[in-house]
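User: Could you take a close look at one part of this structure for me? I would like a connected account that I can follow residue by residue.

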Amino acid sequence: MPINIKEKLIFITGKGGVGKSTVACALALNLAHQGKKCLLIELEKPSSIAAFFNKKNKEITSQLTDHVDLKTMDYADSFKEYVLKKIKIGFLYHLAFENRAWQVFLQACPGVKELIVLGHIWYFLKDENYDHILVDLPATGHSLSYLKVPQHIKKFITMGPLFEIACKVADMIQNSSIFYVTIPEKMAISETRDFILHLKQDLALKPRNIFLNQCLKLPFNEKEKIIFDKIEKTLSTYPEFSSVFKGINYIKVLKDKLEEYHEHLTSRHKCDIVELPFIFSDKWGHEELDTLSTSL
Amino acid sequence: MKNFLESSIENKKILISCGSGGVGKTTLSASLACYAAEKGKKTIVLTIDPARRLAQALGFEKFSNKIQKIELKKGELYAAMLDTKQVFNELIQTCSPSATITKQILSNPIYQHVSDGLTGIHEYMACAKLYEFYSKNEYDLIILDTPPMKKAFEFLEAPERISAFFDTNIFHWFLKPYFRAGQMGLKFMFKGSSLALKVIEHFSGLEVLRSLHDFFLNFEGMYDAFTERATSIYKTLRSPNTGFLLITTPQPHRYLEAATFYKILKQKKMPFEGFIFNQVFPQWITSKVSIPHFIAEHNLTLFKDERASEVLGKMLDYIADLDKLAYKEKIAVKLLNEELGMTTTPILVPKLTEEVDDIEGLFKLHQYLFKQ
């Protein structure tokens, strides 16, 4: 299904290990199928997304498909490309920023690095070649921390270029679309709930969608359920099949839980949930991503 | 035969559970603590976890920073959820030469950020509290559930990072001369460092630099006490009374990380106990049956209906897919063990359908953790 997003900037966030990068790719492919030109930004090196497309990603920007470009960057890249070139502070400053004093400053003022990366993203927003900029946010203990960086910085830096960047970036976040990726497990769901609550409380924002990833489905539909019951009645008495039915029942329990979580997030937190299937595959490649992209 | 966990609980005074976020570290730590308490050890489980998940696992909605006694049928079990910031405040109080300096540090905006957002600070404070409990010698066993990290081995790198940050040399090299020069006029100072600071000043305002300066100035007097503390903490981590457990899951990105963790641990000569693989996919197909044969042999009329055969086919394919996943995980665990030349057999805990969110659930886990 084509997914319609009005905002140019899209953030994809969530905890580590929930398949955030694959969902980010699938979302980009979905938009690309609609003819939208996308820039996918990955904030962690080495790139895991490039590998899905069998790319080496030696250059910072590489073309994944006709409509999707990938940029893998970290703080050092943003610093070189954004701070030094775009806010033009001259070559002497270059020396200064490699100095240990600057390193101490970065450590003592957490968030400055992230702010510079976000500032760099702001710069890409002005690029007319792209309809959408998708940012795969790094997995942190708290998925919200990246989005709260400008607020945090403004508390102790009250003037100068860093302050200006913080203001710009805070605005940028307010006008973005935020997608949260999670999995149907209790801890992950309770963290999702916390994320939604804090996003509202701290930033007055709402996630555009919650992607419930890795949902196991039963191998039969509602209509076939009656047939399955008959099969179970006939075969479960044979020991050869007992563990197979245990397996199916295992999935059934997981599926019931999934429905419970879905219901909880929808009714209690008024969220728009999209369930994504568990994909059985040894390796993630273009084909698997396409499958995932159509289930969006 | 005992598995490594049983021996660890018997022989160690400190067990540190490491692992990246989402692997079930907190739940397993709590389960181990229940086991140890039941075996007659006075046990405390410590967690510095902003998500406060242990509370959930132990059936408490809200936890205070105080030590809580957990009611068990048998044994003595305590739990404490520690607020990193509070631990840091206490540490400053202990190391500080005067009440005025303590007050100045605690109200400094840089301190506010450092105590919250400096990389490795949560890990460091977890160890500081662990050390405090250990030196009081009130418990037979302390289990530390480490803070959630992006990568498990960050825990092992935290001490160096924190020490490097508090290294007051930085203060002597950069900040002190800068502010002195500021009074005399900066034009006489145009060397690298003061230039760097000039840039920072331009970039974010003098205010931040002044806070930095004040922070390090105040910290100077307590640096020795602080370092001494750090040395004792790391001695404890390397002591034969301590053991590290690594909790992971059998997914590729996780077990590669587990391997790195193990290598770093060995390099640092820290005592490793073994791996626990959590959320392992169960295997379902136990015998290979030829379906057409089976149907003919048992004269199963149900499958004369094409739709029934179709559903059965889909079902078996699906289970086979699940089993492929389970098989892959098993191989991954085996390869990791071989590659690292491990002598202990890793413990596998299956992915369960029921959620562990109460004491009973924690006890149920013992069948996987201990009786393999």
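Which residue in S5(B) does Ser17(B) stand opposite?

Analyst: Happy to help, and please keep in mind that this is a predicted model. Ser17(B) stands opposite Asp145(B) in S5(B). The two strands involved are S1, residues 14-18 of chain B, and S5, residues 141-145 of chain B, and they pair in the parallel sense over four bridges.

Now let us step back to the sheet around this pair. In chain B, eight strands make up an open sheet with mixed pairing, and their order is S3-S4-S2-S5-S1-S6-S7-S8. Its edge strands are S3 (68-70) and S8 (347-350) of chain B, each of which pairs on one side only. From one strand to the next, the twist averages 20°.

Chain B also has a partner, so to speak, in chain A: 67 residues of chain B are in contact with 66 residues of chain A. Together the chains bury about 6200 Å², and 71% of that lies on carbon and sulfur atoms. Two salt bridges are found across the interface of chain A and chain B. In a salt bridge, the side chains of Glu224(A) and Lys314(B) meet at 2.9 Å, N to O. Counting residue pairs in polar contact between the two chains, with both residues at pLDDT 80 or more, gives seven.

On the side of chain A that touches chain B, the elements giving two or more residues include helix H4 (90-97), helix H9 (186-203) and helix H11 (239-269) of chain A. H11(A) supplies the largest share of that side, 14 residues. By type, the residues on this side of chain A are 40 nonpolar, 13 polar and 13 charged.

How values were computed: Residues numbered from 1 in each chain as written. Chains lettered and ligands numbered in written order. Predicted model: local features only at pLDDT ≥ 70, side-chain atom pairs only at ≥ 80, totals over all residues. Heavy atoms only, no water. Pairing = 2+ DSSP bridges. Axes fitted to C-alpha atoms, helices over the stretch in contact; angles between N-to-C directions. Contact = heavy atoms within 4.5 Å. Buried area = accessible area lost by both parts, 1.4 Å probe. Salt bridge = Lys/Arg side-chain N within 4 Å of Asp/Glu carboxyl O. Polar contact = N/O pair within 3.5 Å; in protein donor to acceptor, adjacent residues only side chain to side chain. Nonpolar A, V, L, I, M, F, W, Y, C, P; charged D, E, K, R; others polar.
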